[in-house]
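Here are some notes for a colleague who has not yet looked at this entry. They take up enclosed spaces, helix packing and one backbone angle.

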Amino acid sequence: MSNQSNELSFSSPFDQDENENQQENEFGSFISSGNEFIESNSHSPKQMKGFGNNSQNLSDDLNIPDFNPELELNENFDPLDENAPNQKRKKQPFWTLSYYEQYFDVETGDVLKNVILSCHPVKGVSLEKLDLFGPFWVTTTLIILMGSLGNFSSYINSLKKQEEEVGDWEFDFRKITTASILLYSYVFVYPIAVHFIFKFVSKIEIKIFALICIFGYSLSAFLPASILFAVPSEKSKWLLLIFVSCVTMLAILSSLNNNYNTENSHKIQFYVLLGGIGVVHFIISILIKIWFFEGN
Amino acid sequence: MSILEENKIDSQINDDFLESSLDEPISQTILRDVKMIGRDLWGPLIVCLILSVILSSKAADNQTQLIFAGVFVIIWFGAGVVTVNALLLGGKVSFFQSVCVLGYSLFPLVISALLCIFFRHIIARTVFVLVGFVWSTIASLGFISPLIPKNKKTLALYPVFLFYFTISWLILVN
């Protein structure tokens with residue numbers, strides 16, 4: 001009889017016949033289902049089968065279909081028609097996670113290019129491929145850097161004072177919390193306000209995610225600046241701050257100007273709003289300096 | 001062996017197995033299943049609690065609660081954000097599995113933190129934290145790296161590095 005064997009051989013889920021034969025043997029089906037459990041962790045759609053039972057219904061339920069049979073039968077299928085039922089890339093609502101996948105469609109080179117462009121006073125950030133990865137992680141890195149280096153600069157200051165022992169310097173966790181609130185609102189909440197202000201005042205529609213890109217990447221110049229803020233001289237800190245702030249401000253204004261300055265009727269309002277954005281950016285930079293990198 | 005003998009051995013194995021899983025009370029089966037899933041999250045939770053307690057014990061008096069809560073938030077939120085980031089970049093990893101791995105990989109840093117309580121000298125602490133950081137990072141990189149498409153590997157792995165860097169630094173300056 002070919003069904004039963006003494007060896008405890010692990011059957012692979014691909015061996016359909018062998019599995020079905022072993023259905024009669026309870027022990028064999030346990031081995032094959034256990035094997036399927038191990039194999040299913042490799043996340044291949046073909047191997048996602050039900051446990052213990054190789055009946056067609058259960059495995060069909062759990063199988064991710066590789067192709068849609070309806071595609072072949074439906075003669076009216078149009079790949080460009082977004083309303084077609086078989087369209088694979090459906091637009092998800094913005095409260096689902098998969099909606100945001102489109103904003104993570106970047107590669108390392110793209111992110112680095114935008115980081116460098118954010119310091120370019122004439123070109124500004126490229127808005128062809130909107131992404132969320134860059135702004136979010138640049139902001140988070142800056143928060144961590146500011147939290148750590150801000151504490152480091154206060155440590156250096158306490159060393160310079162030499163009034164009491166250095167052990168009196170305390171690590172201030174509030175720097176991290178303040179930094180997160182300040183920077184996350186500047187990059188993610190403030191663009192919403194800017195979007196609506198531009199819409200109502202100068203009738204120009206700027207996508208919120210484009211603004212997130214612009215403001216998020218503009219913070220990337222503050223990363224090396226945070227490191228340079230360790231120099232204890234107050235004068236150098238202010239000079240550094242003004243320099244970085246102006247460069248990034250120009251980059252922000254340039255990218256807005258290059259991409260959205262089309263309407264001829266509302267030009268004055270547009271420029272006034274650009275000025276407002278520049279002022280806000282300058283204020284944020286000053287807050288960064290005052291709250292995190294105090295001088296002696 | 002004759003066929004009869006083969007059948008006999010097989011049915012004995014059958015009986016042993018059937019006895020073991022069907023005879024135990026249902027409560028035991030359920031408990032075992034819950035433990036299998038829940039056990040995976042207890043580990044990171046304990047790790048997180050230990051770290052929060054250690055880091056908040058040495059803080060300034062008015063900040064003890066803030067640091068405790070802050071470390072908790074950083075660990076769980078950080079692990080979640082790193083995982084979501086990997087998922088959004090197209091990585092094929094399950095959310096809970098990744099959070100668990102990130103939590104478990106914190107264990108070397110817990111050891112560093114414990115050592116740092118006893119050795120307050122700056123150089124010793126730096127060495128301990130550095131070793132813990134490298135160990136933790138390599139441990140989780142080994143898990144996440146194969147699951148990310150090739151052109152986005154750096155993008156997915158940088159947050160992992162950042163996550164452990166933050167925690168290492170929190171331990172160091174404590």
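1. In this predicted model, there are 2 cavities of 30 Å³ or more. The largest has a volume of about 50 Å³, and the second largest holds about 30 Å³ of space.

2. The largest cavity is lined by residues of chain B: B:Ile54, B:Leu55, B:Lys58, B:Ala113, B:Cys116, B:Ile117, B:Arg120, B:Arg125, B:Ile171 and B:Asn174. By class, this lining has 6 nonpolar, 1 polar and 3 charged residues. Helix H2 (26–57) and helix H5 (107–118) of chain B each supply at least two of the lining residues. H5(B) gives the most, with 3 residues.

3. Around the second largest cavity stand B:Pro44, B:Ile75, B:Trp76, B:Ala79, B:Val99 and B:Gly103. Two or more of these residues come from each of H3 and H4 of chain B. H3(B) has the largest share of the lining, 3 residues. No charged residue takes part, and the lining divides into 5 nonpolar and 1 polar.

4. The helices named in the previous point also pack against each other. Helix H3 (residues 64–88) and helix H4 (residues 95–104) of chain B do so at an angle of about 130°, with their axes 9 Å apart. H3(B) and H4(B) are therefore oblique to each other, and their crossing is right-handed.

5. Which residues of H3(B) and H4(B) meet? From H3(B) they are B:Trp76, B:Ala79, B:Gly80, B:Val82, B:Thr83, B:Val84 and B:Leu87, and from H4(B) they are B:Phe95, B:Ser98, B:Val99 and B:Leu102. The contact of H3(B) with H4(B) comprises 8 nonpolar, 3 polar and no charged residues. B:Trp76, B:Ala79 and B:Val99 belong both to this contact and to the lining of the second largest cavity.

6. H3(B) also has a partner in chain A. Helix H6 (residues 133–161) of chain A packs with H3(B) at an angle of about 155°, and the axes are 12 Å apart. That makes H6(A) roughly antiparallel to H3(B), because angles over 145 degrees count as such. The crossing of H6(A) and H3(B) is left-handed.

7. On the H6(A) side of that contact are A:Phe133, A:Phe136 and A:Trp137, and on the H3(B) side are B:Val81, B:Val82 and B:Asn85. Sorted by class, the contact of H6(A) with H3(B) has 5 nonpolar residues, 1 polar residue and no charged ones. B:Val82 appears here and also in the contact of H3(B) with H4(B).

8. Within chain A, how do H7(A) and H8(A) pack? Their angle is about 135° and their axes are 8 Å apart. H7(A) and H8(A) are therefore oblique to each other, and H7(A) passes H8(A) in a right-handed crossing.

9. H7(A) brings A:Tyr186, A:Val187, A:Phe188, A:Tyr190, A:Pro191, A:Ile192, A:Val194 and A:His195 to the contact, where they face A:Ile208, A:Leu211, A:Ile212, A:Phe215 and A:Gly216 of H8(A). The contact of H7(A) with H8(A) has 11 nonpolar, 2 polar and no charged residues.

10. One backbone angle should be checked in the loop between helix H7 (174–202) and helix H8 (208–218) of chain A, where A:Lys203 lies. A:Lys203 is not a glycine, yet has a positive phi of about 55°.

How values were computed
Residues are numbered from 1 along each chain as its sequence is written. Chains are lettered from A and ligands numbered from 1 in the order in which they are written. This is a predicted model: local features need pLDDT of at least 70, side-chain atom pairs count only at pLDDT 80 or more; totals for chains, interfaces and linings use all residues. Side-chain values use heavy atoms; hydrogens and water are left out. Axes are lines fitted to C-alpha atoms, for helices over the stretch in contact, and angles run from 0 to 180 degrees between N-to-C directions. Helices (H or I, at least four residues) and strands (E, at least two) are DSSP runs, numbered from the N terminus. Angles under 35 degrees count as roughly parallel, over 145 as roughly antiparallel, 65 to 115 as roughly perpendicular and the rest as oblique. A crossing is left-handed if the near helix is turned anticlockwise from the far one by less than a right angle, and right-handed if clockwise. Contact means heavy atoms within 4.5 Å. Ala, Val, Leu, Ile, Met, Phe, Trp, Tyr, Cys and Pro count as nonpolar, Asp, Glu, Lys and Arg as charged, and the others, Gly among them, as polar. On a 1 Å grid over the protein atoms alone, a cavity is a set of points where a 1.4 Å probe fits but cannot get out, and a pocket is an open set with protein on both sides within 12 Å along at least five of seven lines; lining residues have an atom within 4 Å of a point. Grid points are joined across faces, edges and corners, and a volume is the space filled by probe spheres set on the points.
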